[in-house]
Amino acid sequence: MKKRFPKNFLWGGATAANQYEGGYNEGGRGLALSDLITNGSNSSPRKIYYMDTKGNENSIILGMSLPKGAKSILKENQYYPSHKATDFYHHYKEDIKLMAEMGLKCYRMSISWTRIFPNGDDALPNEEGLKFYDSVFDELLKYNIEPVVTILHFDMPKHLADVYGGWANRRLIDFYTKYCETVFTRYKDKVKYWITINEINVLGGYWTLGLNSASEDLTDVNVEKGAGIHIKLPDEEARAKFQALHHLMIASSYANKIGHEINADFKIGCMLALSGIYPATCHPDDVFGAYDFRRRAYLYADVMLRGYYPSYSEAIFDEYNFTLQKADGDDEILRDFPSDYFAFSYYRTTTYNRNGAKTVTTGGQQGDSNPYLEETPWGWPIDAKGLRFVLNELYDRYQKPLFIVENGMGNVDAMEDDNSINDDYRIDYLEKHIKEMYEAVTVDGVDLMGYTWWGPIDIVSAGTGEMKKRYGFIYVDMDDLGNGTLERKKKKSYYAYKNIIETNGECLHK
Ligand code: P53
């Protein structure tokens with residue numbers, strides 16, 4: 001007998017505060033590093049300006065560390081997309097109503113750390129910030145939409161970077177766990193599903209980890225052109241990153257421990273960027289190379305789900321002459337408090353070429369294009385079957401419930417003369433991916449909790465800072481420089497997703 005999709009399947013949408021919320025200086029919120037990133041495009045990377053130790057201004061691009069001793073600055077006459085984003089802060093009631101009408105069963109969002117602790121190390125939380133999320137969760141629950149909350153999505157209080165040097169410093173574990181304890185306690189009756197850290201395997205450098213380099217001069221850093229947040233790190237930067245990510249994984253395990261003490265029903269997941277990777281050919285060096293490359297992503301899932309560093313991690317660390325510094329008790333906390341489920345993002349696949357992929361990174365993401373696949377206008381290969389592959393790959397390896405918490409297509413949308421937006425390319429992408437997901441669940445037997453489309457409403461792109469790279473089923477009237485009425489409008493895809501949810505996916509399988 002053919003199995004159906006589980007009845008309680010969590011169909012939904014996903015966003016992140018730094019790309020959607022805005023209100024960056026309202027309600028007592030403190031400055032986060034994402035507030036210091038300019039807009040950009042595929043060919044001109046987003047930047048962070050800084051003042052170096054000699055008082056000179058310069059800039060780095062996403063993924064890099066700041067030079068030693070430098071401090072990031074907000075520069076006049078620059079556009080900072082996070083400040084207003086698409087203004088969920090003032091539109092949440094209207095937006096949640098639109099999501100409810102689309103039939104969303106869950107909504108994945110992130111809390112902005114500096115709305116709760118404006119400096120990150122404050123003694124007491126900011127009540128106004130806590131109240132804001134109370135209102136948001138109440139609004140969601142009013143429509144029976146289950147909140148899925150990411151605690152840390154590309155988010156770092158500026159003060160913690162300035163004063164402590166970000167996640168290089170073990171003290172960040174205490175600040176993060178206090179933040180977790182605060183939101184777990186406050187929202188324990190409103191939120192059941194949590195994600196501790198977004199895409200841990202692609203974090204690095206200043207923006208997401210608050211890292212400063214050991215060097216004052218970064219001019220010779222090898223930066224991959226136009227690769228968004230994905231860059232190949234120099235050894236020293238990679239070592240700082242691995243240590244910082246260890247601190248983050250310890251922090252995540254503490255969050256699992258504290259969370260379950262506060263509410264035993266909580267489901268707390270880890271989250272990785274796990275778009276797929278194929279060997280470019282059947283040459284054994286491509287095949288093993290692709291596998292070895294994939295481990296640069298598995299590494300973090302292995303630690304967070306299985307509870308210990310895998311043996312191959314030594315080989316990866318050796319490439320960078322890195323020795324992990326562990327404190328007493330670290331092994332036990334990792335072992336005793338693994339994640340409950342495995343959330344991941346899937347956008348595309350890439351290929352691994354033994355002669356050197358153009359954009360190989362330390363996080364096991366991003367390689368070359370694939371001659372068999374079409375690409376989005378931003379050059380992301382479209383591969384629905386790859387989603388079935390990855391679902392099986394991850395379920396076979398971890399045997400834990402999976403949750404697709406990001407999948408989607410960034411595209412340029414055109415408004416017709418009658419004001420309609422006919423985004424058939426997005427509908428096509430959506431339907432093909434859901435069909436493959438359906439096969440993975442009903443035929444292959446993968447245990448899948450849900451599916452949240454990335455950006456159900458248009459938000460700022462993380463990689464490029466653009467507005468015109470749109471993912472939404474709901475259009476927001478705003479351009480790359482923040483001009484526009486912010487008016488919301490349903491696209492054709494809105495009705496397609498609504499129908500999929502209403503029929504629990506069956507409309508695609510007649
Ligand atoms: P954008 C690649 C580049 C940047 C962020 O990306 C990424 C990835 C995918 O591995 O991660 C996620 O907006 C991220 C989201 C982001 C989404 O991909 O550059 O979790 O915040 O918006 C899509 O098109």
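**Exercise 1.** State which residues come nearest to the ligand, and sort its shell by class.

*Solution.* Of the 17 residues around the ligand (a heavy atom within 4 Å of it), Gln19, Glu199, Ala462, Lys469 and Tyr471 come nearest. The model is predicted, so local features need pLDDT of at least 70 and side-chain atom pairs pLDDT 80 or more, while totals for chains, interfaces and linings use all residues. Residues are numbered from 1 along each chain as its sequence is written, and side-chain values use heavy atoms, without hydrogens and water. By class, the shell holds 8 nonpolar, 6 polar and 3 charged residues; Asp, Glu, Lys and Arg count as charged, Ala, Val, Leu, Ile, Met, Phe, Trp, Tyr, Cys and Pro as nonpolar, and the others, Gly among them, as polar.

**Exercise 2.** Find polar contacts of the ligand with His153, Ala462 and Lys469 (N or O atoms within 3.5 Å).

*Solution.* Start with His153: a polar atom of its side chain lies 2.9 Å from a ligand oxygen. For Ala462, a polar backbone atom is 2.7 Å from an oxygen atom of the ligand. For Lys469, an N or O atom of the side chain is 2.7 Å from a ligand oxygen. Then take the cover: on its own the ligand has 480 Å² of accessible area (Shrake-Rupley method, 1.4 Å probe), and the protein covers 97% of this.

**Exercise 3.** Describe the salt bridge of Arg115 and place both partners in the chain.

*Solution.* The count is 35 salt bridges (a side-chain nitrogen of Lys or Arg within 4 Å of a carboxyl oxygen of Asp or Glu). Arg115 pairs with Glu21, with the closest N and O atoms 2.6 Å apart. Arg115 sits in helix α3 (residues 113-116), and Glu21 in the loop between α1 (17-20) and β2 (47-51); helices are DSSP runs of H or I with at least four residues, strands runs of E with at least two. The partners are 94 residues apart, and the pair links distant parts of the chain.

Terms used:
A polar contact is a pair of N or O atoms within 3.5 Å; within protein, one must be able to donate a hydrogen and the other to accept it, and residues adjacent in sequence count only if both atoms are side-chain atoms.
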